[in-house]
Amino acid sequence: MPKISRNNKKRRFKSNRERVNYFLKLFEKEDRVLILIWADPDALSSALAVKRILHNKVEKVTISHINEITRLNNQVMIKVLKIPSIKFYPKLLEDHNKFILVDSQPLHREEFKNIKWTAVIDHHPYTEGWEADYVDVRPEYGATATILFEYLKALKIKPTVYLATALIYGIKTDTDNFEKSTQLQDVLAFQKLFKCMNRHLLNKIETSDLRRSELRYFKTALDQLKFQKNRMFTYIGKVSNTDVLVLIADFLNKVYETSWVFVGGEYKKNLIIIIRCDGYRKDAGKLATKLFKSIGLAGGHREKARAEIPFENLGISPEEFNIQKFIKLFAKYFKFPNKKV
Ligand SMILES: [Mn+2]
């Protein structure tokens, strides 16, 4: 059962149809609706679905993202699926009279806090201390896209190829291709949408990980690669975005004879560390937290972790930092033999 928040005054809906009808009654013909998102595939696809649902029911619907969209897959998604999202600027709040938040909650971001929300539709754990005329928060769902699929279904709206492909990509991304614990609803939505989507478009989005200009980072990564028993270390230096470090770590993690991968890079005066391991009697998240939480941001799961440490906190300038110094950061955890690394 979807969780009904107190914001709906404990309103219970007997069906998705009833719920969606209630949602639609909040809007009038002359409304100018702004859908705000922190853009990722789930949020972008959900926003596109809301726009479709409100199409012809209100005067206009605008989708706006508050974050900078740097990830290439997401840029390609917006381009090939023609998602009309614009970068947020404060005047948008004056130009619209109703506001919808999808795939997030008002307290998640500073920019969302002071807006009078008409509707909030999300799948993150429910947070207290905010209000909206309509709330649909279902933490048990793998993706907000799944919730929006149910809205479309209840309204008997057949999604276009673009919308279906977007929703599929949203669900795949947020459930890690169904590797995270997944609800039956996510699988059902996927199954239905699969018939309407275009797999070539999806493939184009999913394989667009890397810009040509970023290939040089792979060269540096391989040139700088150092082994310590079954551990791999590489330090790439300054990078134009941190996604490329993740791609390099995932690539090195494919090497059979290693059980740990550590990739470092410099981004905006921070040392970014991406960690991968096989998870067998190992815990990358614990390692990251233990070593770096006191000097920066650190966290993750058994197999994947990440840390971001201001170089200032390391007492060293980015220019002086190198692969040897990078490896030394882990000496405490692994108790390296005393010889030179
Ligand atoms: Mn999501």
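**Exercise 1. A patch on the surface**

Identify the residues that form a nonpolar patch on the surface of this predicted model, and decide whether Leu-184 is buried or exposed.

*Solution.* The patch is formed by Leu-184, Val-187 and Leu-188, which together offer about 270 Å² of accessible area. Turning to the secondary structure, one finds Leu-184 in helix 7, which covers residues 184-194. The relative accessible area of Leu-184 is 57%, and because exposed residues are those over 50%, Leu-184 is classed as exposed.

**Exercise 2. The manganese site**

Work out which residues coordinate the manganese ion, and state what spacing the donors follow along the chain.

*Solution.* Begin with the donor atoms: three aspartates, Asp-42, Asp-103 and Asp-174, contribute OD atoms, while His-123 contributes NE2, and the distances run from 2.0 to 2.2 Å. Read along the chain, these donors of the manganese ion give the spacing D-x60-D-x19-H-x50-D. Asp-42, in helix 2 (residues 41-54), and Asp-174, in helix 6 (residues 161-174), are 132 residues apart, so that this pair links distant parts of the chain. As a last step, consider accessibility: Asp-42 and Asp-174 are both buried.

**Exercise 3. Salt bridges and their surroundings**

Determine how many salt bridges a search of the whole structure finds, and then examine three of them, formed by Glu-18, Lys-113 and Arg-19.

*Solution.* The search of the whole structure yields 13 salt bridges. As background, side chains of opposite charge can pair when their charged atoms come close.

- Glu-18 pairs with Lys-14, and their closest N and O atoms lie 3.6 Å apart. Glu-18 is partly exposed, at 30% relative accessibility, whereas Lys-14, with a relative accessible area of 77%, is exposed.
- Lys-113 pairs with Glu-110, with 3.1 Å between the closest N and O atoms. Lys-113 has a relative accessibility of 38% and therefore counts as partly exposed, while Glu-110, at 59%, counts as exposed.
- Arg-19 pairs with Asp-136, the closest N and O atoms being 3.3 Å apart. Distant parts of the chain are linked by this pair, since Arg-19 belongs to helix 1 (residues 16-24) and Asp-136 to strand 6, 117 residues apart. Both Arg-19 and Asp-136 are buried.

To complete the picture, salt bridges that share partners join Arg-19 and Asp-136 with Arg-138 and Glu-150 in one network.

**Exercise 4. Cysteines and disulfides**

State how many disulfides the structure holds, and explain why Cys-196 counts as buried.

*Solution.* The structure holds 0 disulfides; for reference, a disulfide is a covalent bond between the sulfur atoms of two cysteines. Cys-196 has a relative accessibility of 15%, and because buried means under 20%, Cys-196 counts as buried. By a parallel step, Cys-277 is buried, with a relative accessible area of 3%.

**Exercise 5. A loop residue**

Locate Glu-131 relative to the neighbouring strands, and find what distance separates its C-alpha atom from that of Ile-248.

*Solution.* Glu-131 sits in the loop between strand 5 (117-122) and strand 6 (132-137). With a relative accessibility of 67%, Glu-131 counts as exposed. Along the chain, Glu-131 and Ile-248 are 117 residues apart, and their C-alpha atoms are separated by 42 Å.

Methods
Residues numbered from 1 in each chain as written. Predicted model: local features only at pLDDT ≥ 70, side-chain atom pairs only at ≥ 80, totals over all residues. Heavy atoms only, no water. Donors = N, O, S within 2.8 Å, 3.2 Å for Na, K, Ca; no water. Helix = DSSP H or I, 4+ residues; strand = E, 2+ residues; numbered from the N terminus. Buried < 20%, exposed > 50% of the residue type's maximum accessible area, 1.4 Å probe, protein only. Disulfide = S-S within 2.5 Å. Patch = residues over 30% accessible without salt bridge, like charges linked within 9 Å, V, L, I, M, F, W, Y side chains within 5 Å. Areas by Shrake-Rupley, 256 points an atom, 1.4 Å probe, with all protein chains shown as cover. Salt bridge = Lys/Arg side-chain N within 4 Å of Asp/Glu carboxyl O.
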